[in-house]
Amino acid sequence: RAGETGELSARTVTIETLDLIEVSPDFARFRVLCGKGTYMRSLVRDMAQALGTVGYIADLRREAVGGFNTDHAISLENLENLAQSARLDEALLPVEAALDDIPALVLNEREASRLKNGQSLSFIARPDVERLRQIGVDLKETALILTVFEGLPVAVAQTQGANIQPLRLFNL
């Protein structure tokens with residue numbers, strides 16, 4: 001950072017729970033359930049300043065993100081062992097598991113082919129617009145969608161009105 005002090009702009013965040021788990025004269029351990037965009041180091045700094053002292057994070061462990069948590073985690077050692085066996089596919093979740101919180105649009109073969117080639121789709125026909133509405137896309141808003149062909153993800157795409165632009169393609 002070239003020796004410069006960066007300024008973080010203030011923003012509203014959501015802290016659902018903030019539990020004190022362990023405390024000693026020089027140490028405190030917390031468990032926080034918060035909304036996205038919460039910067040833990042800023043939270044600790046602000047808490048310390050409110051108490052008239054200083055503080056820092058000595059250890060940070062993310063226990064959950066979205067639908068994923070440490071109960072389903074695989075250690076790096078286990079993953080390396082599984083990579084040497086035929087059981088790797090059994091242990092890993094499909095890519096769609098990370099995308100199950102965004103609407104999924106089923107494509108026909110021509111649409112899938114266009115997206116796979118990085119081309120956008122224009123859904124101007126009434127039945128196509130209705131397909132977008134049926135999956136919950138508001139044509140007045142920009143939205144992320146998962147596009148699927150024959151049960152496999154094709155791309156994460158962005159809608160702008162009735163236009164669909166691929167953002168990330170899958171080669172599955």
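Visitor: In which helix do arginine 131 and aspartate 128 both lie?
Guide: This is a predicted model, where local features need pLDDT of at least 70, side-chain atom pairs count only at pLDDT 80 or more, and totals for chains, interfaces and linings use all residues. Residues are numbered from 1 along each chain as its sequence is written, and side-chain values use heavy atoms, with hydrogens and water left out. Helices (H or I, at least four residues) and strands (E, at least two) are DSSP runs, numbered from the N terminus. Three residues apart, about one turn of the helix, arginine 131 and aspartate 128 both lie in helix 5 (residues 126-134).

Visitor: Which residues are linked with Asp128 in a network of salt bridges?
Guide: A salt bridge is a side-chain nitrogen of Lys or Arg within 4 Å of a carboxyl oxygen of Asp or Glu. Arginine 131 and aspartate 128 meet that rule at 3.1 Å, N to O. The network links Asp128 with Arg131 and Glu111.

Visitor: Is aspartate 128 buried or exposed?
Guide: Buried means under 20% relative accessible area, exposed over 50%, and partly exposed in between (1.4 Å probe, protein chains only). Aspartate 128 has a relative accessible area of 19%. By that cut-off, aspartate 128 is buried.

Visitor: How many residues apart in sequence are the parts tied together by arginine 31 and glutamate 63?
Guide: Arginine 31 forms a salt bridge with glutamate 63, with the closest N and O atoms 3.1 Å apart. Arginine 31 lies in strand 2 (residues 27-34) and glutamate 63 in the loop between helix 1 (40-50) and strand 3 (64-65), so the pair ties together parts whose separation is 32 residues.

Visitor: What relative accessible area does glutamate 63 have?
Guide: Its partner, arginine 31, is partly exposed at 41%. Glutamate 63 is partly exposed too, with a relative accessible area of 33%.

Visitor: Which strands stand at the edges of the open sheet?
Guide: Two strands pair if DSSP finds at least two bridges between them. Five strands form the sheet in the order 5-7-8-9-6, with mixed pairing. Each edge strand has a single partner, so one side is left without a neighbour; these are strand 5 (104-106) and strand 6 (121-122).

Visitor: Which residue in strand 8 does leucine 144 stand opposite?
Guide: Strand 7 (residues 142-149) and strand 8 (residues 152-160) pair in the antiparallel sense over eight bridges. Opposite leucine 144, strand 8 places glutamine 158.
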